[in-house]
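Please examine the sequence and the three-dimensional structure shown here. The explanation below is intended for a reader who meets them without prior acquaintance.

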Amino acid sequence: MNQTLEDTIIAVSTPAGHGGIGIVRLSGPDAVGIARRIFSLKEPEPVIPDRKMCFGYLLDAESRETLDAGYLCYFPAPHSYTREETVEIHLHGSPVLLNEAVRLGIKAGARLAHPGEFTFRAYLNGRIDIIQAEAINDLIRACSLDQARISFKQMEGSLSRKIAGIREKIIELLTLVETSLEFPDEEVEISTGQIKTVLLKLIGELGHLSRSYEQGRALLEGLTVAILGKTNVGKSTLFNALLEEERAIVTPYPGTTRDFIRENVRVDGVLIKLVDMAGFGQSSHPAEEEGITRGQKLAEKADGLLIVLDSSREESPEDFQLLKRFWNKKKLLVFNKSDLEPAINRQNILDSMPGVDWVEVSALTGKNLDRLRKMMLDTFAPRLERQEEIILHERQKVLVENIKSSLENGLELLDEGSGEELVAEAIREALPAIGQLTGEIKSQEVLDQIFSRFCIGK
Ligand SMILES: Nc1nc2c(ncn2[C@@H]2O[C@H](COP(=O)(O)OP(=O)(O)O)[C@@H](O)[C@H]2O)c(=O)[nH]1
Ligand SMILES: [Mg+2]
């Protein structure tokens, strides 16, 4: 990303396609000059008023042709999105027209903006930090209201403030440790216990934050839930029933599903990527065998499993094998075909998996499917607490963990009775990670990665 702020940049800020209105945005030192060259106000003013919509015309200066009528709005520096001189030109939402406005703007001296460059400038000019920049993009891309809520708060600085608070506490702690270094004989008497208490509290706070990523990721990317079970227990029927469409092929014959199928469903705003796959156990065809191998790999990585059992048949060693194999995964046992005469010894199964949640359904009649949907959320996607901060990016999680492990090192040294100097050194190592987290420490690679995910015009 270009770090020079001398250019005036231009781009269409509304999405591609035809719409009611379309907005072209300019930012940089010559924003007003360029805007005036391509847009003429109906009532010419020597100075364009601040933040007022001014009616006028999009004009091709060369041919003197009027192309559209619309409004211009001027945001003087530093009270703009980028903190620079910014002008928005609101036109009719026609891509041809908007592209022409951009072309004219470039002819008049502007440069086409890179993806995310307006936000990048807001960051370079110190209006927002990197966490807030990430949140702006998250907000734009939010697919659920929950996600939008979190991203809006973070855009307003909630997570940044939390990190700033942690940073402050670490610096206070360092002063404390260093004071006891400088005046070892004086009665500054800072007990190891006191330092330890602060450290433990900070470590706890950071641990909590880092764990919230699991929820964040579920929110952003959705949860993968794989449907497993022996062949013919009704996996594909259940898959279709949860999707509410006939997606997977269902037949009375074992081995119908040979590859896996993935489809998205939304349960209560949470995106679930549901996977149907070949039945575990004996395969009747090499393709099915390959399907089983792929399915197993996918199941290992899934966020949750629905292990389906056929309650109209007696349990078999294969059922137990499956349960044993995935004993450490989050899962729900689904006793399917509850519309038929039961033959399974449910207790026998449940005894082999103490504490596991289970539900009795009929994929055929739809019995208890709503209950299953709710259980899926409860078991696989822990509920969000409104007031809590949630981390939505792996980048942030990794850095939070780095900060935490520096403090843990400090704690360990303290416990070992190492000198204050060593303890302070370990704690101080948390500071660069905080700088990287907020973007105070700039890394070109990280910046490119973050801003390339933005749209042009934002
Ligand atoms: N009675 C009854 N039959 C079911 C139920 N679910 C599936 N089946 C039947 O069981 C057979 C196998 O179903 P399928 O979904 O292909 O099983 P899969 O091999 O596990 O994917 C089909 O004939 C389905 O109609 C159910 O809840 N009740
Ligand atoms: Mg199937």
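The following paragraphs pass from the overall form to one helix and then to several individual residues.

The structure is a predicted model. The protein contains 16 helices and 13 strands. Its radius of gyration is 30 Å, whereas a compact globule of 458 residues would have a value near 23 Å. The extents of the C-alpha trace point to the dimensions involved: along the principal axes of the protein, the trace spans about 90 × 80 × 35 Å.

The division between interior and surface may be considered next. Of the 458 residues, 48% count as buried. The protein exposes about 22,600 Å², and carbon and sulfur atoms supply 51% of this area. As for charge, the protein has 55 positive and 71 negative charges, and the mean positions of the two groups are 5 Å apart. Contacts also link distant parts of the sequence: among those between residues at least 6 apart in sequence, 68% join residues at least 24 apart.

Helix H16 offers a detailed view of packing. This helix comprises residues 444–451, and within it Leu 447, Ile 450 and Phe 451 are buried. Seen down the axis of H16, these buried residues fall within an arc of 85°, so they line one face of the helix. A general property of helices is relevant here. An α-helix has 3.6 residues a turn, so residues three or four places apart point the same way. The partners of the buried residues of H16 are three other helices: H3 (117–124), H4 (130–141) and H13 (394–415).

Helix H4 leads to a further point of interest. Ser 144 is found in the loop between H4 and helix H5, which covers residues 145–155. Is this residue buried or exposed? Ser 144 has a relative accessible area of 11%, and it is therefore buried, since the limit for that class is under 20%. When residues up to four places away in sequence are not counted, Ser 144 touches Arg 266 and Gly 269.

The loop between strand S5 (65–75) and strand S6 (86–93) contains Pro 78. The peptide bond that leads from Ala 77 to Pro 78 is cis, with omega near 0°. Arg 83 is found in the loop between S5 and S6 as well. Although Arg 83 is not a glycine, it has a positive phi of about 75°. Its relative accessible area is 36%, and Arg 83 is partly exposed.

A positive phi of about 75° is also found at Asn 232, which is not a glycine. Asn 232 has its place in the loop between strand S8 (223–229) and helix H8 (235–243). With 30% relative accessibility, Asn 232 counts as partly exposed.

The last residue to be considered is Ala 16, in the loop between strand S1 (9–12) and strand S2 (19–27). At 84% relative accessibility, Ala 16 counts as exposed. Which distances separate Ala 16 from Pro 95, in sequence and in space? The two are 79 residues apart in sequence, while their C-alpha atoms are 6.7 Å apart in space.

Methods: Residues are numbered from 1 along each chain as its sequence is written. Chains are lettered from A and ligands numbered from 1 in the order in which they are written. This is a predicted model: local features need pLDDT of at least 70, side-chain atom pairs count only at pLDDT 80 or more; totals for chains, interfaces and linings use all residues. Side-chain values use heavy atoms; hydrogens and water are left out. Helices (H or I, at least four residues) and strands (E, at least two) are DSSP runs, numbered from the N terminus. The radius of gyration is taken over C-alpha atoms; the globule rule is 2.2 Å times the number of residues to the power 0.38. Buried means under 20% relative accessible area, exposed over 50%, partly exposed in between (1.4 Å probe, protein chains only). Contact means heavy atoms within 4.5 Å. Accessible areas come from the Shrake-Rupley method with a 1.4 Å probe; for residues, only the protein chains shown count as cover. Lys and Arg count as positive and Asp and Glu as negative; His and the chain ends are not counted. The place of a charge is taken as NZ of Lys, CZ of Arg, CG of Asp or CD of Glu. The arc is that of the directions from the helix axis to the C-beta atoms.
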